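Trainee: Could you take me through one part of this model in detail? I would like a close look at the place where two of the chains meet.

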Amino acid sequence: MGEFDVRGQRLAALCLLGLLLFNYPLLAVFNVQGALFGVPVLYAYFFLAWALLIALMALVIERRG
Amino acid sequence: MLQGWVIVLTSFAYLGLLFAVAYYADRRADAGRSVIDSPYIYSLSLAVYATAWTFYGSVGRAAVDGVGFLPIYIGPTLMIALWWVVMRKILRISKQHRITSLADFIASRYGKSALLGGVVTVIAVIGILPYISLQLKAVSNSFTIVLQYPEIVMPAKLGAVPLLQDTAFWVALILAAFTILFGTRHLDAAEHHEGMVAAIAFESLVKLVAFIAVGAWVSWGIYNGWGDLFARSAAEPKLAAMLTPFDGVAGSYSGWVWLTILSMLAIMFLPRQFQVTVIENKDEKHLNKAIWLFPLYMLAINLFVLPIAFGGLLHFPEGGVDADTFVLTLPMAEKQELLALAVFIGGLSAATGMVIVETIALSTMICNDLVMPVLLRLRALRLNEQPDLSGLLLGIRRGAIVFLLLLGYLYFRLAGEAYALVSIGLISFAAVAQFAPAALGGIFWMGGTRLGALAGLGAGFAVWFYTLLLPAFARSGWLPLGLLENGPFGIELLKPLALFGVGGLDNITHAMIWSMTANIGAYVGVSLLRAPGAEETRQASLFVDVLRRPAEPGGPRFWRGTAPTPELFNLLARFVGLTNAADAFADYARQHGQEKPEARPEADAELVHYVETQLAGVIGAASAHIMVASVVKEEALSLEEVRAMLDEASQIIVYSHRLEQKSQELERATQELRAANERLTELDRLKDDFVSTVSHELRTPLTSIRAFSEILHDNPDLAVAERTRFLNIVIKETERLTRLINQILDVSKLESGRAEWHESLIDLREVIEDTLAATSQLFKERDARLVRRLPAEVPKVVADLDRIVQVVLNLLSNAVKFVEPGRGLVEVSLTEERGFLRVDVRDNGPGIHPADQDVIFDKFRQAGDTLTGKPQGSGLGLHISQRIVEHFGGRMWVSSRAGEGACFSFTLPLAREAALA
Amino acid sequence: MSRKVLIAEDEPNIVASLEFLLRQSNYDVRVARDGEEALRLVASFAPHLVLLDVMMPGKSGFEVCRHIRGNPAWRNVKVMMLSAKGRDIDVNQGLALGADAYVTKPFSTKALLATVRELLPEDA
C-alpha cells in the first residue's frame, strides 16, 4: 500500500494504541475503587486517555512530518 | 414559562433560524463566496453524528452500566486516525468520479452496477428506519414531558395514542416539510447542499452548548462539583457498583470490543456521515483539522454524561423517571425553566440535524440509484424524448423524503417501544456496517467483484434482519415470542438471538459476529470464484490506485467511440438544464483550449467522458453511464483490452526488464558461441597443421626411398660403393619412416585415450641402468661422457614398463644427440622426493632458448627451428614422453639456459604401499 | 655450355638423390642448405634452374621464389618448386608466385628429369 506515508503510518499506530488503551487488559487495570480528583479512577482514565489520543493525533497531523 | 404554546413557538422560531442560516449560505454559495469553505465548519458538520441519541440516550445508557456508552465515540476516534489514508482515498475517488452517494460509490466501484446501487439503497433505507424513528421518539417524548411541567410524568404507552393526536406523527410531517424545503429546492450538479451544511454546523454548536450547560449546572448547581457527586454515588451500594462496571467478567469485554468495531464502521457508512464527510467536502485539506477537531467535539459533548447520569440517579431514586430523560427532567425538577427550554431546543437540534441530513442522503440514493435506473430501463424511449428531466428528479426526491419519514414513524409505532434509545440506534449501526466489506474491500482489493459484493451484502443483510430486526418486532408483539425462545418452527439452532447455539451475548454482539462472518465470507469467497469483468477491473484500478496516480482532472479515458455532439449536449441539458449544460461545455472548452466544442459534429472520447462525469454528478454514475452509452456508438472494449490498458504501465516495466534480461542472455550466448567458434577454428587449424605436418613428415623419408629405389633400379651399372650407400639410405629412411609412423600412431592413441597401458610395479633404477646399457653405443659414437647418480635402492613406482623405458630412452638419446661430439657430458640422476621419484637428465649441449622451452613439449617441435632436419627426430618424442609421464600422475619439464645445457626432468609418484612405508 | 642447376633443399638424403640424378644428366649442380644460401648462390652461381624446396629453415621456398622473381635480372632463371604439400592451393600458390613448375614429393625420378629437360631446352 504505497499510500501509507509517514503520517498515515503514525496515525495507524495511534489507532492501534487506542485499541490497546481501551480494551481488556488495561481497562481491567483501572477498574478499581478510588478516585482521581474526586472522579472515579476508571472514568478519569477514560477521558484522560481519550484526550491524550486526540492530542497525539493533532500533533501528527499539524506537524509537517 | 413552559407552556405548550411557548414551546411550540420557540421550536418554530428555531427551525426558522436554521432555515435562515441555510438560505444565507446557499445564496453565498451561488455567488461563489462559500461560507462553509472552512475546516472548522467542516468539522462541526461532521458532528451530525451526535443525535438525540447522544443528547438523551447516552445518559440513559450511562445510568445503566456506567461507561457502556463510550465505545460509540471512542470507536470513531480510532477510525478517524485511519482516515488519513482511508478517507483521503474515498475523497479523491469521489471527486474524480463525481460520486453522489454511498450507493453510488459502491455501485461505481463494481463496474457502475445499477443493481448493486439499488441493493445498497434498499439496505440503507431499511437499516436507517429505526434510527429515524429514534429521533422522532426523542422529540415527541421530550415535548410531551416538557408539556407536563411542573409535573414529571413519563410518556404513556405509544400504541394507546390515536394517530392524529400522536405528537410523533406531527413531528414527522413537520420534519418532512422542513427537509424538503431545505434540500430539494433545486438540483445541484454535484449534489452539494451548502445551506444544509451551514445549518447543521450551527446545530452542532447549539446542542453542544445546551448539553454542556445542563451538565455544568448539574455538577456545580445541584452538587458541589464532581468530587461531591461521585462521592455520594459511591455511598449508594447500587451506584457504587457502576463505578467499576467491568468487575472481572471477561465476557463483558467482548461486547465492548464489538461495540467499538461497530461504531468504527458506522462513522464511515452511515449515509449522513458519508454525505457530510465525502459528498459535501469542499477541500481535501479540511480533512486534516477534522481528524482531531471532530474527536475533540465528541469528547466535549460526552464529558458531562456521567455526572448527569449519576446526578439523575441520585435525584430520582426508585426508577420512576426514565434515565433517557434525565437531561430534561433534572432542570425541570429544579424549576430551571430556561435551562429546560434550552435543553429541549438542544435535543430538537440534535434530532433535526440527523433527520435532515439522513433523509436527504437517502432520498438522493433512492432517486439516483433505485428509481432512476429502473425508470430509464423500463421506459427508455419515453424518457429520452423528455426535454427536461430535472423536475422529475426533484419530484422523486421529495416523495422519497416524505416516504422515509412516514416509514420512520411507522416503525416508531410498531417497534419503538421495545428498546431503549441506544439499542435502537445500534440496530441501525449494525445495518450500515454491512457496507464495510464491499466498500473498504473495494478501495483496497482489486479482486473484489460485483457478484462478491452482492453476495456479501445479501448475506450480511439477511443475517442482520434475522438477528436484529425480527427480534425487535417480536418484542413489540408483531411476531410470536416463541420465535425468540424456541427458534423458527421449533428449530433451536436457528434462534434469532442465539444462532447455532452461540448464546450468552447481547443481541448486537451476536448479530455483528454472525453478519460479519456471513458478509465477509460471501464477499471474499464469491469474488474469488470468478474474475472481475472488463468494467469492474477498470473501475477497480481507478479506485484502488487513486492515491498513487497523479491527480488527473478527467481521469483516464476509457471511452472508445464517437458521439454526435448535439445529441450529447441535449442529453446533458435534459438533466441539468440548458444554462448549466452550456456552462459545462464552456468550461470544457476553456480547459482544453478549444473553441465551441459543441460546434463540432463529432465529440471525441474526452468530451464524452466529461459529459458522463457531469451527468454522474446529478443522476449517479450507473444511470449516467446508461444514458451516455445510448448516445455513443461505442466500440466495445474487450476484457483483454481493458486489462492491457490497465496493466500497460506496470507491464511495460516488467517487459522492458525482461527484454533487458533476454538481451543480456543473448549477448552472453553470442559471446560463448564466438568463443567456442574460435576454439573450434583453432582446433581445426591445429588439426590441419597436424595433418599437414604429419603428411610432410611422412613424405620426406618416402621421397628419399622412392628416389633412390628408382635410381638403383634405373642404374644397374652403379658402382658398388655407391649402390651400397644408396641402399643404406633407403634402409635408414625406411626405418625412419617406420619410427615416425609408430610415433604418430602412438600420439594418436595417447590423445584419443585408446592406448593400452600395462601397469606394474617397476624399479626405476633398473630401468635407467638398462636404458643406459642400450644407449651405450650411441654414447660411444658421440664420444660423450656419462655420469650416473643413482641411489642403491629406491621404492617402486606404478607404471607401464615399456613406456617408461621409452621415456628414459627418449631423454637419453636427445641428450646424446645434442651434446658436442667429444666434449659431451650427460648426467643422469635419480632422487627420491616426498611421495615421488625424480629423474634428471642433464647435458652440456647448447641449451634451449626460453621461448623454445615453452613449446618444446608440443607436437613436432624440436629445439631450434621446426624441422631443421639436424637430428633425425620427429619432434614427437618429448611430447609422447610427457604424456606418458602425466598419465601416471607425474610431471615432466625442462630447465635450461641458452648456452649452458639443458636438464630434462620428470617425476613419478611412488606406489602407494611404498609411499606409506 | 652445360646447364647450371641449383638445388635448394635441407634434407641431405633428398639432396643426395637429386644431385645424383642431375649430375648423371650432365647438369652443373650446386647445393644450398637454406634460403639465404640459395639466394647467394643464385647471385654468384647464376643457375639456369633452381630446384626449390618449400620447407626450408630461414627463408621458405616461397620467399626465395618471390625474391628471384622480384629481381628483373633473374627473369630468365627457371624455378621448380619441390614440396611435400601437394594440395591444389599450394600448387596454385607456388605457380602464382612465379614458379615455372611445381613437383610434389615423393616424386618420380623420370618425371622430375623430364620436367627439368622441359625447363632447360638443349639448345643454349
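Mentor: Happily! Between chain C and chain B, nine residue pairs are in polar contact, both residues being at pLDDT 80 or more; a polar contact is a pair of N or O atoms within 3.5 Å, where one must be able to donate a hydrogen and the other to accept it, and residues adjacent in sequence count only if both atoms are side-chain atoms. This is a predicted model, in which local features need pLDDT of at least 70 and side-chain atom pairs count only at pLDDT 80 or more, whereas totals for chains, interfaces and linings use all residues. Residues are numbered from 1 along each chain as its sequence is written, chains are lettered from A and ligands numbered from 1 in the order in which they are written, and side-chain values use heavy atoms, with hydrogens and water left out.

The rule also finds two salt bridges across this interface, each a side-chain nitrogen of Lys or Arg within 4 Å of a carboxyl oxygen of Asp or Glu. C:K110 makes a salt bridge with B:D714, their closest N and O atoms lying 3.3 Å apart. On the chain C side, two or more residues come from each of helix 1 (12-24) and helix 5 (109-119), helices being DSSP runs of H or I with at least four residues, numbered from the N terminus. Helix 1 of chain C gives the most, seven residues.

In total, 17 residues of chain C and 24 of chain B take part in the contact, meaning heavy atoms within 4.5 Å. About 2000 Å² is buried between the two chains, with 58% from carbon and sulfur atoms; buried area is the accessible area (1.4 Å probe) lost on putting two parts together, summed over both. C:N13, C:F20 and C:P106 supply 27% of what chain C buries against chain B, more than any other three residues.
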